Structure formats: C-alpha cells, structure tokens
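Grab the viewer and work through a few exercises on this fold. Try each task yourself before you read its solution.

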Amino acid sequence: HYSIVGAKLLRPNSEYHVAVTNQDVSEPIRFSLAITDASNVIEKQEITLNTGETRLVPFAIGDIPESSYKLVAEGLSGLTFKNETDLEYQQKSFSVFVQTDKSIYKPGDTVRFRVLVLDPNTKPLPKADSISVHINDAKANRIKQWKEGKLVKGVFESELTLSTAPVLGAWTINVNVLGTVRGAGIF
C-alpha cells in the first residue's frame, strides 16, 4: 500500500533523503517521518500524499554526534502504522582531493596543485572556508606551508617552485580541514 525508502547511512552536516509513495490507497495518507537518537527527535516532518503520488523528503542533518539513530515512519491518517529502522552513523562528512598538474617533476619545475574539499554530494563543503596545507619532501622536511589557505567554492590553488637540487623521492602534500589531516603522495 505504501513504500518508504531511505539510505542506511546517516552522515553529520549533510542532507538525508527519504522517498515516500502512496501506491494504491484510495484516500490521501498523512505520514510522519522522523530521525531520532535514543532520547531525542533530531528532525521530523509531516506530509500528505494522494493515491499514486511519490515525494522525496529532505532532512537537513546538522553536526550530530556519533550515536544510535533511527528512521521512524508513522501513518497518521488513511493508513495507521508505525515502523522504524536503525541507521548507521558514518563520520565521514567530506572528502579532500589533491590534484597536481603533472605526475612527475624534475629539479627546477613548478608544482601547481589544487585541493578540493567537497561534501558527500560533491558540492563545496559549506562550513570550511580555510584549510592548512604543507608540503614535505622525501625526508619528511617541511618545505612550504599555507596556514590559512582560503577556499574559493571548495577549491584552494597554489604552487611551489622546486630548487635546482631538491631531495629526490616521493614528496607529499598534507591538508588539514576542520581538524582532519589528509596526505597525498605527489612526486
């Protein structure tokens, strides 16, 4: 008679979507949808669907802590029911990508790179406006750093000109975003 579909994973600082369908009930059905933890309602919405109607219901999930969460669906009129399912909390709320202009560099080359900070929907992470970046050589010496690199639409761009006699080997670009450190081997 009805279907309610939502993702199993719940991430902080993201949007969570639930698809609700009234398949063959002749009268409109009023639904209540909620995301809860052990003692609180995190967000709740009520919708009414006509016969054969489907709606995607978005939930704006804030900076929630690690806990046990549930999706609770309830039929309030037309069909009365109450179902709940456990959701898995997933801390990862953003991704960091480091991109360079070449795969191998020679002494004296200029390394041009950019760092992308994206949410799970591949959009710029709204709560990050600056990042910390530093480049280490193959012997873990810090060669250059940007303490407050400004993100423009989720992107930080910069460059480093290598000396004519640099330490050879695998260098890394290390990025700190909102207290999370990520590193990428570059050359």
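**Exercise 1. Find how far apart the C-alpha centres of domain 1 and domain 2 lie.**

Solution. Start with the bounds: domain 1 covers 2–89 and domain 2 covers 95–186. Next, take the C-alpha centre of each domain; the two centres lie 40 Å apart. Keep in mind that you're looking at a predicted model.

**Exercise 2. Work out which strands supply the largest nonpolar core, and which of them gives the largest share.**

Solution. First, get the core itself: the largest one has 22 residues, and L10, Y16, V20, I35 and F59 have the most contacts inside it. Second, go through the strands. At least two core residues each come from β3 (14–22), β4 (29–36), β5 (41–49), β6 (54–61), β7 (69–77) and β8 (81–89). Third, pick the top supplier: β4 gives four residues, the largest share.

Now zoom in on L10. Skipping neighbours within four places in sequence, L10 is in contact with Y16, I35, I61, I64, Y69, L87, E88, Y89 and Q90. Apart from this core there's another one, of 21 residues, with V111, I131, W146 and V175 among them. As background, nonpolar side chains in soluble globular proteins tend to be buried together.

**Exercise 3. Lay out the open sheet of five strands and say which are its edge strands.**

Solution. Step one is the order: β2-β8-β7-β4-β5, with mixed pairing. Step two is the edges: β2 (9–10) and β5 each pair on one side only, so they are the edge strands by that very criterion.

Step three is a look at two of the pairings. β7 and β8 run antiparallel and are joined by seven bridges; L71 stands opposite T85 in β8. β4 and β5 also run antiparallel, with eight bridges between them, and here F31 stands opposite I47 in β5. A hairpin through four residues takes the chain from β4 to β5.

**Exercise 4. Classify the ring pair Y2 and F81, and say what the pair ties together.**

Solution. The count of aromatic pairs comes to seven. For Y2 and F81, the ring centres are 4.1 Å apart and the planes meet at 10°, so the pair is stacked. Then place the partners: Y2 is in strand β1 (residues 2–6) and F81 is in strand β8, so the pair ties together parts 79 residues apart in sequence.

Check burial as well. Y2 has 24% relative accessibility and counts as partly exposed, while F81, at 13%, counts as buried. The cut-off that splits them is 20%.

Now try Y69 and Y89. Their rings are stacked too, at 6.1 Å centre to centre with 25° between the planes. Y69 sits in strand β7 and Y89 in strand β8, 20 residues apart, so to speak a link between distant parts of the chain. Y69 is buried at 2% relative accessibility, and Y89 is buried at 16%.

To finish, look for a cluster: Y2, F31 and F81 form one aromatic cluster.

**Exercise 5. Decide whether T110 is buried or exposed, and find the residue whose side chain makes a polar contact with the side chain of T110.**

Solution. Locate T110 in strand β10 (residues 110–118). Its relative accessible area is 19%. Buried means under 20%, so T110 is buried. For the polar contact, go to T161: the side chains of T110 and T161 are joined at 3.2 Å. Leaving out residues up to four places away in sequence, T110 touches D101, Y105, E159, L160 and T161.

**Exercise 6. Classify L168 and N174 as buried or exposed.**

Solution. Begin with L168, which lies in the loop between β13 (155–161) and β14 (172–177). L168 has 66% relative accessibility and so counts as exposed. For a sense of distance, the C-alpha atoms of L168 and T122 are separated by 34 Å, with their positions 46 residues apart along the chain.

N174 lies in strand β14. At 13% relative accessibility, N174 counts as buried. The side chain of N174 also makes a polar contact of 3.3 Å with the side chain of T172.

Note on methods
Residues are numbered from 1 along each chain as its sequence is written. This is a predicted model: local features need pLDDT of at least 70, side-chain atom pairs count only at pLDDT 80 or more; totals for chains, interfaces and linings use all residues. Side-chain values use heavy atoms; hydrogens and water are left out. Domain bounds come from an automatic or database domain assignment. A nonpolar core is a set of buried Ala, Val, Leu, Ile, Met, Phe, Trp, Tyr and Cys residues joined through side-chain atoms within 4.5 Å. Buried means under 20% relative accessible area, exposed over 50%, partly exposed in between (1.4 Å probe, protein chains only). Contact means heavy atoms within 4.5 Å. A polar contact is a pair of N or O atoms within 3.5 Å; within protein, one must be able to donate a hydrogen and the other to accept it, and residues adjacent in sequence count only if both atoms are side-chain atoms. Rings of Phe, Tyr and Trp (its six-membered ring) pair if their centres lie within 6.5 Å; planes under 30 degrees apart count as stacked, over 60 as edge-to-face and the rest as tilted. Two strands pair if DSSP finds at least two bridges between them.
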